[in-house]
Amino acid sequence: MGLPLAGLALFLVLFRWDWLIPIVEAQASARLGRPVTLQHLHVKLGRTITVTAEELRVGNPAGFQDDPPLARLPRAEVDVALAPLLRGAVVIPAVTLDQPQVELVGRPDGSTNYAFDAAGPPGRAPRAVVRSLAPCASATARSTPPSPG
């Protein structure tokens, strides 16, 4: 019993959450239908799991310029309650966005960079359902509204 616990402890000490960035980026990009990148990923485990993404960037969909992106966040932090998660429900008691920058673009033809296909692929149900979401805290925020027609 001591050797498996020592192995687990060693794994937890040496594991770097940044190793998961390519997987997180690929999953988020596929779900949002636009490129998603981040520089660092931190996770604090406990009764409340805190996931922190640094230098998060959500790009524009195809057909729009790359810069500026749809959203840029120097730091985004999401708390997820562990007990409900183990039962398949996502409870988010806190979301903190530091200095979010959002660029909303609307074109005369009606296309926008902020329209998402919320339904997702046909026949695919979500794995978890968000049951509770706390208000979002932001240190500072800036958004640029779409320019009129």
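These are my notebook entries on what I looked up in this structure, which is a predicted model.

**Entry 1: the chain as a whole**

I began with the overall make-up and found that the protein chain holds 3 helices and 10 strands. Read from the N terminus, the order of these elements is α-α-β-β-β-β-α-β-β-β-β-β-β. I then looked up burial, and of the 149 residues in the protein chain, 25% are buried. The accessible surface of the chain amounts to about 10,200 Å², and carbon and sulfur atoms account for 63% of that surface. For contacts between residues at least 6 apart in sequence, I noted that 53% join residues at least 24 apart.

**Entry 2: the helices α1 and α2**

Next I turned to the start of the chain, where I looked for nonpolar side chains on the surface. Leu5, Leu8, Phe11 and Leu12 make a nonpolar surface patch of about 410 Å². Of this group I looked up Leu12, which lies in helix α1, covering residues 2–14. Leu12 counts as exposed because its relative accessible area is 53%, and the cut-off for that word is over 50%. For background I wrote down that residues three or four places apart in an α-helix point the same way, because such a helix has 3.6 residues a turn.

Following the chain onward, I came to Trp19 in the loop between α1 and α2, the latter being residues 21–32. Trp19 is also a residue that counts as exposed, with 55% relative accessibility. I looked up its distance to His40 as well: the two are 21 residues apart in sequence, and their C-alpha atoms are 9.3 Å apart in space.

For α2 I compared the expected length with the modelled one. The 12 residues of α2 should span 16 Å at 1.5 Å a residue, and this agrees with the end C-alpha atoms, which are 16 Å apart. Just after α2, I found that Gly33 takes a positive phi of about 70°.

**Entry 3: the nonpolar core**

I then asked which residues make up the largest nonpolar core. This core has 11 residues, namely Ile21, Val36, Leu38, Leu41, Ala53, Leu56, Val58, Leu70, Ala71, Leu73 and Ala76. Strands β3 (48–58) and β4 (71–81) each contribute at least two residues to this core. As general background, nonpolar side chains in soluble globular proteins tend to be buried together.

I chose Ala76 for a closer look and listed its contacts, leaving aside neighbours within four places in sequence. Ala76 touches Val51, Thr52, Ala53, Leu56, Thr96 and Leu97.

**Entry 4: salt bridges around Arg75**

A search of the whole structure gave 5 salt bridges, and I followed those that involve Arg75. The side chain of Arg75 meets that of Glu54 in a salt bridge, with 3.3 Å from N to O. Since Arg75 lies in strand β4 and Glu54 in strand β3, this pair ties together parts that are 21 residues apart in sequence.

Arg75 forms another salt bridge with Glu77, in which the closest N and O atoms are 3.2 Å apart. A further salt bridge joins the side chains of Arg75 and Asp98, at 3.8 Å from N to O. Asp98 is in strand β6 (residues 94–98) and Arg75 in strand β4, so this pair ties together parts 23 residues apart in sequence. Through shared partners, the salt bridges link Glu54, Arg75, Glu77 and Asp98 into one network.

Lastly I asked whether these residues are buried or exposed, and noted that Arg75 is partly exposed at 29% relative accessibility. Glu54 is partly exposed at 21%, Glu77 at 22% and Asp98 at 23%.

Methods
Residues are numbered from 1 along each chain as its sequence is written. This is a predicted model: local features need pLDDT of at least 70, side-chain atom pairs count only at pLDDT 80 or more; totals for chains, interfaces and linings use all residues. Side-chain values use heavy atoms; hydrogens and water are left out. Patches are made of residues with over 30% relative accessible area and no salt bridge: like charges are joined within 9 Å, nonpolar side chains (Val, Leu, Ile, Met, Phe, Trp, Tyr) within 5 Å. Accessible areas come from the Shrake-Rupley method with a 1.4 Å probe; for residues, only the protein chains shown count as cover. A salt bridge is a side-chain nitrogen of Lys or Arg within 4 Å of a carboxyl oxygen of Asp or Glu. Helices (H or I, at least four residues) and strands (E, at least two) are DSSP runs, numbered from the N terminus. Buried means under 20% relative accessible area, exposed over 50%, partly exposed in between (1.4 Å probe, protein chains only). A nonpolar core is a set of buried Ala, Val, Leu, Ile, Met, Phe, Trp, Tyr and Cys residues joined through side-chain atoms within 4.5 Å. Contact means heavy atoms within 4.5 Å. The expected span of a helix is 1.5 Å times one less than its number of residues.
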